[in-house]
Amino acid sequence: MSRCFSLYPFALQAHVVCCQFQPDDFVSSITHDRQFLHFQLNTASLIREVLNQIHTLTYDSPTGKPSYGTNTSGAGKKLVIEYSSPNIAKSFHVGHLRSTIIGAFLDNLYKACGWEVISLNYLGDWGTQFGMITTGFEKYGSQEELEKDAIKHLYDVYVKVSKDADSDPNVKVEAAKWFKRMEDGDESALANWRVWREMSVKKYIEEYERLNVSFKVYTGESEVGKEWQDRALERLEEMGLISDADGAKLVDLEKWKLGKAVLRKANGTSIYLTRDLGGAIERWEKYHFDKMIYVVASQQDLHLSQFFKMLSLMEFPWADRLEHVNYGLVLGMSTRKGTAVFLDQIIREASSVMHEQMKRNEVKYNNIEDPEMVAREVGITGIKIQDMAAKRINNYTFNWDRMLSFEGDTGPYLQYAHVRLTSMERKNPELIPLPPPSQIDTSSLTSSQHARDIAILLGSYPDVVKTALKTHEPSGVVTFAFRLAHAISSAWETLIVKGEEDVEKARARLWLYLCARDVLGAAMRLLSIRPLERM
């Protein structure tokens, strides 16, 4: 009895709504089904409005740039985002690659939502490894090799001198002395380091350009002012949070189940955590951000938790604006022969495999203006999509065959879908240019389930972007792109343009496909992928 009574007001309201409803251009009917009201949308209006909005925001946007899917939810807000952050003189390993791919997506995502974004590449350009390299450079260094590829050569020197250190403990003693001199500002110890850093940054910029990634600021541990590090230590000392252990400075975070963290070594040199604290304070003073994101592997969860807790204990009012976006491991990333590698070797190999595949179709290959560039972009798309397809916290196994396949949900498949959509204009020159949207009759599309499915997907894209902002998951955008590509693939056979005798129908279908191309391209660019026009 009570259950029926509790449902009665809703049933009455639903009855009133259904009785008073008047169909319009957008909602054709409402039906009451138990505890639900079902709204039937007008397919003709839905398709027309979605296509109109995509066309307007792509070609007549107030900003002059394609803006379908963007929003202004972050207008007036500022984000500082730190990602990639490789170590100079060490291999650009897969952890840095994941940080780069996910970070570039978040960089683009926040911009698409109206935020001002300051992207930082916080280089590992300071620390005892530079004492090691300085020690080893006299023995193993080559100016010629350095100029050819600074990152690789410094890495080679570091590997060789580290091997020496395994059998000779004096190597590490010498290295520590060199680094102490660097920290003390000794110009003779800093001269080579400055040259190495500058050459490495130049090389990194080239590498990032190939990945379609750019940073507003290249900074590094070396640029965190000593005054900010000292200020952090003083604040912790004042609050009674620092203890001394054989000359080293420790912070006890056991109360919060975060263990003990070393802030300064016994010889007085700083460590990563000290520089992180100083860097955060410095960034607040410089940028006054609304949010600061660190895109760092889940292996560093404890480090980031300690770092954030210390800032909170130091009672900085902005400490709660910091966020750690973490991710899982890439397992088994190596060349096809199984050797561990630098990123540029992975890209070269992916490009080479794609290039060989492209050559198999001689006709198409001869129509491509720059096949090597296309092969590289398809290879990079394969790497990125394999990385972003699943939830970022998941580990995944790097798989060459899957990554470079045109079958299934892969990067090459997405590029192929975009290329095929782009080719529609070339293959139907008699329909180009299309008349203005107001003169295109889309009513024929309402009878096609394929057209309806594509239009609904296209209309959902702005919500896909908003959801991604909440979750920080690129996988949602990747899933959308694949669903759209599949819906288009299913439509090719029945929703034909070439060979359709009714010109009005052909125009409407072509417009639908071109809008799909624009939205698929927007999703790919959000994922930092360059959409191709031929392949």
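**View 1. The largest cavity has a volume of about 100 Å³.** This is a predicted model, and the structure holds 2 cavities of 30 Å³ or more. Around the largest cavity sit Phe92, Asp149, Ile151, Lys152, Lys203, Tyr204, Glu207, Phe342, Leu343 and Asp344. Helix H6 (150–167), helix H8 (187–210) and helix H12 (343–359) are the elements that each give two or more residues to this lining. H8 gives the most, with 3 residues. Sort the lining of the largest cavity by class and you get 5 nonpolar, no polar and 5 charged residues.

**View 2. The second largest cavity comes in at about 30 Å³.** Its lining is made of Arg210, Leu211, Asn212, Glu377, Ile380, Thr381, Lys384, Ser528, Ile529 and Arg530. Helix H14 (residues 371–388) provides the largest share of that lining, 4 residues. By class, the lining of the second largest cavity has 3 nonpolar, 3 polar and 4 charged residues.

**View 3. The largest pocket has a volume of about 940 Å³.** Of the 37 residues that line this pocket, Pro66, Ser67, Thr70, Ala112 and Arg525 are the closest to its centre. Helix H2 (43–59), helix H3 (94–112), H16, H17 and H19 each chip in at least two residues of the lining. H19 gives the most, with 7 residues. The lining of the largest pocket splits into 16 nonpolar, 15 polar and 6 charged residues.

**View 4. The second largest pocket has a volume of about 750 Å³.** Here 36 residues make up the lining, and Ser85, Asn87, His96, Tyr272 and Gln300 lie nearest the centre. The elements that each hand two or more residues to this lining are H3, strand S4 (116–123), H4, helix H10 (272–287), strand S9 (291–295) and H11. H3 gives the most to the lining of the second largest pocket, with 5 residues. By class, you'll find 15 nonpolar, 15 polar and 6 charged residues in the lining of this pocket.

**View 5. Helix H4 (residues 128–140) packs against helix H7 (residues 170–183) at an angle of about 115°, with the two axes 7 Å apart.** That angle makes H4 roughly perpendicular to H7. The crossing of H4 past H7 is right-handed. On the H4 side, the residues in contact are Thr128, Phe130, Gly131, Met132, Thr134 and Thr135. They meet Val171, Lys172, Glu174, Ala175, Trp178, Phe179 and Met182 in H7. Count up the residues of this contact by class and there are 7 nonpolar, 4 polar and 2 charged. H4 also turns up in View 4, as one of the elements that give two or more residues to the lining of the second largest pocket.

**View 6. H17 and helix H19 (residues 503–526) cross at roughly 30°, and their axes come within 11 Å.** Angles under 35 degrees count as roughly parallel, and H17 and H19 are therefore roughly parallel to each other. H17 passes H19 in a left-handed crossing. Ala451, Ile454, Leu458, Tyr461 and Val465 are the H17 residues in this contact. Facing them in H19 are Leu512, Cys515, Ala516, Val519, Ala522, Ala523 and Leu526. The class count for the contact of H17 with H19 is 12 nonpolar, no polar and no charged residues. Both helices belong to View 3 as well, since H17 and H19 each supply at least two residues of the lining of the largest pocket.

**View 7. A cis peptide bond joins isoleucine 432 and proline 433.** Omega for this bond is about -5°. To find the spot, follow the chain out of helix H16 (411–427): proline 433 is in the loop between H16 and helix H17 (449–471). The helices on either side of that loop, H16 and H17, are both among the elements that supply at least two residues of the lining of the largest pocket.

**View 8. Glutamate 315 has a positive phi, about 65°.** The residue is not a glycine, yet phi is positive all the same. Look for glutamate 315 in the loop between helix H11 (301–313) and strand S10 (322–325). H11, the helix before this loop, is also one of the elements giving two or more residues to the lining of the second largest pocket.

Note on methods. Residues numbered from 1 in each chain as written. Predicted model: local features only at pLDDT ≥ 70, side-chain atom pairs only at ≥ 80, totals over all residues. Heavy atoms only, no water. Axes fitted to C-alpha atoms, helices over the stretch in contact; angles between N-to-C directions. Parallel < 35°, antiparallel > 145°, perpendicular 65-115°, else oblique. Left-handed = near helix turned anticlockwise from the far one by under 90°. Contact = heavy atoms within 4.5 Å. Nonpolar A, V, L, I, M, F, W, Y, C, P; charged D, E, K, R; others polar. 1 Å grid on protein atoms, 1.4 Å probe; cavity = no way out; pocket = protein on both sides within 12 Å on 5 of 7 lines; lining within 4 Å. Points joined across faces, edges and corners; volume = space filled by probe spheres on them.
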